[in-house]
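Visitor: Please show me the model, and then I will put some questions about it.

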Protein chains: 2
Amino acid sequence: MALILQNIEQHVTLTAQEKELFLSKTETHHYKAKTILLNSGAICKHSYFVNSGILRSFNINDNIVEHVLTFACEGWWIGDMYSLLSQKPGNLFIEVLEDAEVVLLSKENQEILYREIPKLERFFRILTENSLVANQERLMDNLSLTAEERFEKFCKKYPTLIQKVAQKQIASYLGVTPEFFSKMKSKTLRKQ
Amino acid sequence: MALILQNIEQHVTLTAQEKELFLSKTETHHYKAKTILLNSGAICKHSYFVNSGILRSFNINDNIVEHVLTFACEGWWIGDMYSLLSQKPGNLFIEVLEDAEVVLLSKENQEILYREIPKLERFFRILTENSLVANQERLMDNLSLTAEERFEKFCKKYPTLIQKVAQKQIASYLGVTPEFFSKMKSKTLRKQ
DNA sequence: TTTGTCGCTTAATCTAGATTAAGAAAGAAG
DNA sequence: CTTCTTTCTTAATCTAGATTAAGCGACAAA
C-alpha cells in the first residue's frame, strides 16, 4: 500500500473508497537533489510527503546565513506551515538534499478532503500536535543544552540522517557554525 | 458570552446546545499567584484556558535553571502538550504568575467532545497549527537573532506582558540570564 | 589532465552572553 | 513600621561558540 496511506492509517482508519479519493487528490513527483520546491517570498501551495529521498526547509537571514528548520526523509511531511495556513509569502525555502519521490497535496485539495473525509481533520490535528511537541522540545533544548548535548540528542533521534546529509546541514539545524561543529565532533570522537 | 466560547467561535460556529454541552464539560477555578497547577514529573490531565490573570509553563534543567516555554494571559490556552497527549509524566511546570481565573478541560472530556461535536476537532487543529507556527518562528529567531533583536520582537508582540511579569521571566523566555537582560535593557533605553 | 567548486578541518583571534559577587530597590509578611 | 525575601542593577571576569583565514580532499566539468 502507498506509504502515505500507511502514514495516515497510523492514526485513523480509511475505507477503500476514502483511500482512493485521497490518492486522487494528490500528485507524485520525482525531484533531483538541489531542486528548490519552495522559495522564500513565495506562497506555499502544498504539503509535501516524502516517499523517498531527503528534503529540508530553511530560511536565510540578513547575514546570508542559512538556518535549517526541519529535515524530512521517508515517511515525513514537510511544508511552510505559516505560508500554507495564511496563504501569504513565507520566508522558508524547501530544497531536495537527496533525489526524492514526493507526494504533493495542495491546500485546496486538503480543504476538500477535510469536507469529504472528516476523519482527516483528526489525522492532521494529531500530526500537527506531534509536530508541536517535537518543536517545543527542540526549543527547550536550544535554551538549556550545550551544542554538544544537542548533537548527542540529535544522533540518538536521527541516526540515519547523520550519514546521509552534509555536516554543515546538521550544524545549521543545531544552531552552530560548520567550523565549530567540526571541532566539536572531533572532540567527541576523541573522548570515546 | 463566556470568553472561551468566543475563543472557539473565532474558528468554528457552535449551536446553543453545543455551547451548553461544551461548558458542561469544563470547570472554572480561581488560583492565587504562585499556585502550581502542574508539576514536573506529573501527568497533565487538563488543557487550561485563561479567563483572567497570567500563567506560565517552564522546565528546570539539571543546573536548577528555569526556562519559560510559554506565557498565557487572558484568552490563551496553556498545557503540557507532550504529557497531555502521551499521558506520560512531563517535565513542565505550570504556574500562576498573577491571580487567575482558569477554565479546565480534562483530557477525557476533550475526547468526548471530539466525538459529540466533531467541529471541535477542527478548532483544536487550527489552534495547534497556529501554536506550531508561532513556535517555529520563535525557534528560528533563537537560531538567527541576537538577544537584543529577540527582545525587540517580544516587546512588539506582547506589549502588555512586559509591564505585568517580572523581568527575570522575560529573560528566561528569551533565553538569557537576568543579569544580561538588565544590562541589555538599560543599553536599549539609553539609545532611544 | 587541469581547473573550479564545495565541503571539511585546524588554528588564531574575537565577542555575545554567562558567571560570580555584592549592593540597591521593591515588595510581601508580620 | 520593620524585617525578610525576592528582584533588579552594576561591574569584573570568564567561556562557548563565532569569525576569519588558510589548506586539504573529493568530485565534477572541460
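Visitor: Which residue of chain A comes closest to the rotation axis?
Guide: This is a predicted model, in which local features need pLDDT of at least 70, side-chain atom pairs count only at pLDDT 80 or more, and totals for chains, interfaces and linings use all residues. Residues are numbered from 1 along each chain as its sequence is written, chains are lettered from A and ligands numbered from 1 in the order in which they are written, and side-chain values use heavy atoms, with hydrogens and water left out. Taken by its C-alpha, the residue of chain A that comes closest to the axis, at 2.2 Å, is Arg125(A).

Visitor: What turn lays chain A on chain B, and what kind of axis is that?
Guide: Copies are superposed by least squares on the C-alpha atoms of residues with pLDDT of at least 70 in both. Chain A goes onto chain B with an RMSD of 0.0 Å, by a turn of 180 degrees with a shift of 0.0 Å along the axis. That relation is the one given by a two-fold axis.

Visitor: What percentage of the interface residues of chain A are also interface residues in chain B?
Guide: The copies meet through the same surface. The share of chain A interface residues that are also interface residues in chain B is 100%.

Visitor: Which element gives the most to the surface near DNA strand D?
Guide: A residue is near a strand if one of its heavy atoms lies within 4 Å of it, and 15 residues surround DNA strand D. A phosphate oxygen of this strand is 2.9 Å from a side-chain N or O atom of Lys168(B), and a polar side-chain atom of Ser182(B) lies 3.0 Å from a phosphate oxygen. Helices here are DSSP runs (H or I, at least four residues), as are strands (E, at least two), numbered from the N terminus. With four residues, the element that gives the most is helix 9 of chain B.

Visitor: How much of the part of DNA strand D within 4 Å of the protein belongs to sugar or phosphate?
Guide: On the protein side, a backbone N or O atom of Thr177(A) lies 3.2 Å from a phosphate oxygen of DNA strand D. Of the atoms of DNA strand D within 4 Å of the protein, some belong to bases, while the share in sugar or phosphate is 78%.

Visitor: Which residues are the closest to DNA strand C?
Guide: A phosphate oxygen of DNA strand C is 3.0 Å from a side-chain N or O atom of Lys168(A). A backbone N or O atom of Ala147(B) lies 3.1 Å from a phosphate oxygen of DNA strand C. Of the 15 residues that surround the strand, the closest are Gln167(A), Lys168(A), Ser182(A), Ala147(B) and Thr177(B).

Visitor: How many residues of the surface near DNA strand C are charged?
Guide: Asp, Glu, Lys and Arg count as charged; Ala, Val, Leu, Ile, Met, Phe, Trp, Tyr, Cys and Pro as nonpolar; and the others, Gly among them, as polar. Helix 9 of chain A gives the most to this surface, with four residues. The surface has four nonpolar residues and six polar ones, and the number of charged residues is five.

Visitor: How many disulfides are there over all chains?
Guide: A disulfide is a pair of cysteine sulfur atoms within 2.5 Å. The sulfur of Cys155(A) is too far for a bond because its closest cysteine sulfur, in Cys73(A), is 14 Å away. In chain B, the sulfur of Cys155(B) is likewise 14 Å from that of Cys73(B), too far for a bond. The count over all chains is zero.

Visitor: Is Cys155(A) buried, partly exposed or exposed?
Guide: Buried means under 20% relative accessible area, exposed over 50%, and partly exposed in between (1.4 Å probe, protein chains only). The relative accessible area of Cys155(A) is 25%, so this residue is partly exposed.

Visitor: With which side chain does the side chain of Ser57(A) make a polar contact?
Guide: Ser57(A) lies in strand 3 (residues 46–60) of chain A and, at 0% relative accessibility, is buried. A polar contact is a pair of N or O atoms within 3.5 Å; within protein, one must be able to donate a hydrogen and the other to accept it, and residues adjacent in sequence count only if both atoms are side-chain atoms. At 2.7 Å, the partner is the side chain of Thr70(A).

Conventions. Contact = heavy atoms within 4.5 Å.
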